[in-house]
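Good morning, and thank you for making time for this item. I should like to take you through one model, beginning with its charged pairs and moving on to its sheets, cores and open spaces.

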Amino acid sequence: MWKEWLHLGLMLVLICCGVNVQAQEIQYLPPKLMLLKTYHGQNLNGWVMSEKLDGIRGYWTGKLLYSRQKRILTPPAYFIKDFPPFALDGELFTERGDFENISRIVRSQKDKGWAKMKLYVFDVPNAEGNLWQRLNKLQTYLKTHPNLHIKIIPQIPIQSRTQMMAFFHQIVENGGEGIVVRNPTVSYQFGRSDQILKFKPLFDEECKVVAYHAGKGKFAGMLGAISCKNKRGTFRIGSGFSDNERRNPPPIGAIITYQYRGLTNKGLPRFATFYRVKSDVFKKDK
């Protein structure tokens with residue numbers, strides 16, 4: 001892997017110096033990823049939907065596997081042995097409810113479970129044509145190069161909002177994270193795009209503020225996060241606060257409402273965000 005890092009550094013230096021780099025060498029460069037916006041009732045006529053897998057983003061350049069943060073991942077050789085010589089964008093995933101384990105496997109420099117991992121592909125970035133044509137390039141490749149670690153995520157045409165919502169509720173009720181809706185007629189979109197949207201459930205609950213944590217960086221001198229406690233345990237909430245709320249945080253003992261997107265394996269809220277103080281009046285423990 002150190003040779004690949006060295007090669008990558010050399011390619012970046014050459015490009016910065018204006019040297020022409022061959023197309024095949026671009027496969028070593030960090031990819032520009034397509035990022036999702038959020039569904040808020042937009043017109044989805046002619047669009048498709050698929051399950052949003054709760055895993056780790058995996059972008060295969062044809063040579064290297066990258067995370068969303070453009071970090072080179074280090075799967076064992078057997079995992080990428082028969083990957084295609086062209087780019088794939090997808091999600092590294094095992095099963096629903098397994099995010100912590102997936103993250104542990106991907107972060108490790110050793111093989112701690114890659115054998116049960118798959119790259120669930122939702123696009124073939126550099127292929128020509130619409131989404132169906134781009135995915136067909138991979139389907140054709142897999143017919144002659146079968147691979148246990150690559151799976152194409154099914155894309156289902158949206159026929160009505162009722163059908164979409166039924167699919168959404170089915171996914172969520174079975175432990176899924178949500179769905180992705182997208183326009184299949186556009187090319188691969190670099191950066192955050194309004195042509196591909198995420199639709200995830202948002203839950204809300206109440207908890208009691210039990211501690212403050214000082215802010216750092218731009219929040220220095222203000223609230224950084226609070227510790228909150230309810231039936232699920234004690235956990236931190238560090239987002240959702242306005243600057244005024246960070247200067248004047250909810251009092252210790254206050255009951256607040258927070259929003260979250262599902263639970264961790266330990267039963268704590270995932271991505272908990274401050275919403276509001278339940279009331280200006282709160283009761284202290286007796």
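Asp123 has a relative accessibility of 0%, so it counts as buried. Please bear in mind that this is a predicted model. The partner of Asp123 is Arg134, and the two form a salt bridge whose closest N and O atoms are 2.7 Å apart. Arg134 is likewise classed as buried, because its relative accessibility is 1%. Asp123 belongs to strand β6, residues 118-123, whereas Arg134 belongs to helix α4, residues 131-144; the pair links distant parts of the chain, 11 residues apart.

How many salt bridges does the structure hold? The count is 9. I shall discuss two more of them in detail.

Arg96 and Glu51 meet through their side chains in a salt bridge, at 3.0 Å from N to O. Here the residues are 45 apart in the chain, with Glu51 in strand β2 and Arg96 in the loop between β5 (88-93) and α3 (99-107). Is each partner buried or exposed? Arg96, at 36% relative accessibility, counts as partly exposed, while Glu51, at 16%, counts as buried.

Lys200 and Glu177 form another salt bridge, with 3.2 Å between the closest N and O atoms. Lys200 sits in the loop between β10 and β11 (203-214), and Glu177 sits in the loop between α5 (161-173) and β9, 23 residues apart. Lys200 has a relative accessible area of 16% and is therefore buried. Glu177 is buried too, with a relative accessible area of 16%. Salt bridges with shared partners join these two residues and Lys52 into one network.

That network brings me to the largest pocket. Which residues lie nearest its centre? They are Lys52, Gly55, Arg68, Glu91 and Glu177, out of a lining of 28 residues. Two members of the network just described, Lys52 and Glu177, are thus named in that group. The space in the largest pocket amounts to about 720 Å³. Two or more lining residues come from each of β1 (34-38), β2 (48-51), β3 (56-60), β9 (179-182) and β10 (191-199). Of these elements, β10 supplies the largest share, 3 residues. Sorted by class, the lining of this pocket comprises 13 charged, 10 nonpolar and 5 polar residues.

Next, the strands. An open sheet of 5 strands runs in the order β1-β10-β9-β2-β8, with mixed pairing. Its edge strands are β1 and β8 (156-157), each of which pairs on one side only. Within the sheet, β9 and β10 pair in the antiparallel sense over 4 bridges. In that region, Arg182 stands opposite Ile196 of β10.

Strand β11 has antiparallel pairings to report as well. With strand β12, residues 223-230, β11 pairs in the antiparallel sense over 6 bridges. The bridge partner of His213 in β12 is Ala225. With strand β14, residues 255-260, β11 again pairs in the antiparallel sense over 6 bridges. There, Lys208 has Ile255 as its bridge partner in β14.

I turn to the nonpolar interior. As general background, nonpolar side chains in soluble globular proteins tend to be buried together. In this model, the largest nonpolar core has 39 residues, and those touching the most other members are Leu88, Leu92, Val106, Trp114, Met117 and Leu138. The elements giving two or more residues to this core are β1, β3, β5, α3, β6, α4 and β7 (150-152). Helix α4 gives the most, with 5 residues. Another core, of 14 residues, lies apart from the largest one and includes Ile158, Phe168, Leu197 and Phe199.

Finally, the enclosed space. The structure holds 1 cavity of 30 Å³ or more, and the volume of the largest cavity is about 40 Å³. What lines the largest cavity? Its lining consists of Met34, Arg134, Arg182, Asn183, Val186, Ser187, Tyr188, Gln189, Gln195 and Ile196. By class, 4 of these residues are nonpolar, 4 are polar and 2 are charged. Arg134, with which we met Asp123 at the outset, is thus found in this lining. The lining also contains Arg182 and Ile196, which stand opposite each other.

Thank you; I shall be glad to take questions.

Notes. Residues are numbered from 1 along each chain as its sequence is written. This is a predicted model: local features need pLDDT of at least 70, side-chain atom pairs count only at pLDDT 80 or more; totals for chains, interfaces and linings use all residues. Side-chain values use heavy atoms; hydrogens and water are left out. On a 1 Å grid over the protein atoms alone, a cavity is a set of points where a 1.4 Å probe fits but cannot get out, and a pocket is an open set with protein on both sides within 12 Å along at least five of seven lines; lining residues have an atom within 4 Å of a point. Grid points are joined across faces, edges and corners, and a volume is the space filled by probe spheres set on the points. Ala, Val, Leu, Ile, Met, Phe, Trp, Tyr, Cys and Pro count as nonpolar, Asp, Glu, Lys and Arg as charged, and the others, Gly among them, as polar. A salt bridge is a side-chain nitrogen of Lys or Arg within 4 Å of a carboxyl oxygen of Asp or Glu. Buried means under 20% relative accessible area, exposed over 50%, partly exposed in between (1.4 Å probe, protein chains only). Two strands pair if DSSP finds at least two bridges between them. A nonpolar core is a set of buried Ala, Val, Leu, Ile, Met, Phe, Trp, Tyr and Cys residues joined through side-chain atoms within 4.5 Å.
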